[in-house]
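Below are some notes on the packing in this entry, set out as numbered points. Please read them alongside the coordinates.

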Amino acid sequence: MANLSSLQAALINSQAHRAEILENPLRTYLVGIIISICGNVLISISLNIQKYAHVRQSQRGSKPYYTSVLWWSGVVLMGIGELGNFAAYGFAPASLIAPLGCVSVIASAVISVVFLKETVRASDIVGGTLAITGTYLLVTFAPHTSTHITAHLVQYNAISWHFLLYLVIEVVIFCILLYLYKRRNVKHIVIVMLLVALLASLTVISVKAVSGMITESIKGQLQLIYPIFYVMLVVMIASCAFQIKFLNQAMKMFDATEVVPINFVFFTASAIVAGIVFYQEFEGLALLNIFMFLFGCLLSFLGVFLIARNRPKIKQQDRNFIPMDKIPGRSHTDKVQPEAKTLTYGSLAAKLMCNRAGQTDDS
């Protein structure tokens, strides 16, 4: 009798846990989508405001950009947009919120054309059409489950065998990539972006956990008293910090037209895998829905690539620039090496200083 009672209790707990996972209020799902879209639009507006502030300050050449009220308003808008994205993870699946980041790319392209008077290219139109089509497929065929993220659910998923196996594989791959990047000095863009993506998967898991537990606490079920909330908070902060560090290094080494689309693809893929493994977001989803969802991701990837590809850059004349044939004392008949046809005042001064130092040593 005791064994039968314990078996019944375990079955009831399992059914309750499953009901908690599969509960699907459509209104909550739609709220998450709307918050994410609005947040991404605000982020694109803020980026263009900051870009305009940089251009205006460089033209005036007076005060630094961070003294501009316009630039700070862009920073505030970006903070609000990122806060909206953070909140959206508490209402909708992570595998849907991450691909909706393409909305920011679309909105940024439209705003730059309308307000910053950038040229409309054919690739912008095709890319925007593909991204919008992909977004529609994502919203339509994504898993419509809206999980109540509680501390018990996060603890249950964190010690599950499939997540522990996923975590071990991710740590091994991360260590190999970090060894290649730091020790072997392999500075390939794929290496750096994979490091960012692996960290992003932990970021997505922790952000959804923290956001979901805060949402449940606001609804009246206090979750902030559990240690798992603060564990996830630390993971979120640490993974975000290192993710930003590697992303900034990538932006320094490579062009933004390469970093933006690759980062979007890798981040979205890692977020989808993280949502599937940790939150079982594709559980019970029809095969057709999975195929159309992945097809929507592919269209969004192609759209973002076309929009970001070969974006026109704002080029400023280097005040220190001097043509090679204008250097005092140089004859026009002197042969100029093809790889060094121009020189700046800075490099010219450095060369003269080296020559002077050599003359001093000889004397």
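1. What should the 13 residues of helix H5 span at 1.5 Å a residue, and how far apart are its end C-alpha atoms? The model is a predicted one. For helix H5 (residues 102-114) the expected span is 18 Å, and the end C-alpha atoms lie 19 Å apart, which agrees.

2. The buried residues of H5 are Cys102, Val103, Ser104, Val105, Ile106, Ala107, Ala109, Ile111 and Ser112. Their cover includes helix H2 (26-60) and helix H6 (122-141), along with helix H11 (256-279) and helix H12 (287-308).

3. The count of aromatic pairs comes to eight. One of them joins Tyr181 and Phe246, edge-to-face, with 6.1 Å centre to centre and 70 degrees between the planes. Because Tyr181 belongs to helix H8 (residues 161-182) and Phe246 to helix H10 (residues 227-253), this pair ties together parts that are 65 residues apart in sequence. Tyr181 has 2% relative accessibility and so counts as buried; Phe246, at 3%, is buried too.

4. Phe229 and Tyr230 also pair: their ring centres are 5.0 Å apart and their planes stand at 90 degrees, so the arrangement is edge-to-face. Phe229 is buried, with a relative accessible area of 6%, whereas Tyr230 is partly exposed at 43% relative accessibility.

5. One aromatic cluster is formed by Phe163, Tyr166, Phe278 and Tyr279. The ring of Tyr279 has the charged end of Lys208 sitting over it, 5.6 Å from the ring centre. The ring of Tyr181 is placed likewise under a charge, that of Lys187, whose charged end is 4.0 Å from the centre.

6. Which members of the largest nonpolar core touch the most other members? Of its 28 residues, they are Tyr89, Val154, Met213, Met232 and Phe278. At least two residues each come from helix H4 (94-97), helix H7 (151-158), H8, helix H9 (189-219), H10 and H11. H9 gives the most, with six residues.

7. Met213 deserves a separate look. Apart from neighbours within four places in sequence, Met213 is in contact with Ile149, Thr150, Ala151, Val154, Gln223, Ile228 and Phe229. Val154 appears with Met213 among the core residues that touch the most other members, and Phe229 is the buried partner of the edge-to-face pair in point 4.

8. A second core, separate from the largest one, has 20 residues, among them Ala142, Ile272, Leu285 and Phe301.

How values were computed:
Residues are numbered from 1 along each chain as its sequence is written. This is a predicted model: local features need pLDDT of at least 70, side-chain atom pairs count only at pLDDT 80 or more; totals for chains, interfaces and linings use all residues. Side-chain values use heavy atoms; hydrogens and water are left out. Helices (H or I, at least four residues) and strands (E, at least two) are DSSP runs, numbered from the N terminus. The expected span of a helix is 1.5 Å times one less than its number of residues. Buried means under 20% relative accessible area, exposed over 50%, partly exposed in between (1.4 Å probe, protein chains only). Contact means heavy atoms within 4.5 Å. Rings of Phe, Tyr and Trp (its six-membered ring) pair if their centres lie within 6.5 Å; planes under 30 degrees apart count as stacked, over 60 as edge-to-face and the rest as tilted. A charge sits over a ring if NZ of Lys or CZ of Arg is within 6 Å of the ring centre and within 35 degrees of the ring normal. A nonpolar core is a set of buried Ala, Val, Leu, Ile, Met, Phe, Trp, Tyr and Cys residues joined through side-chain atoms within 4.5 Å.
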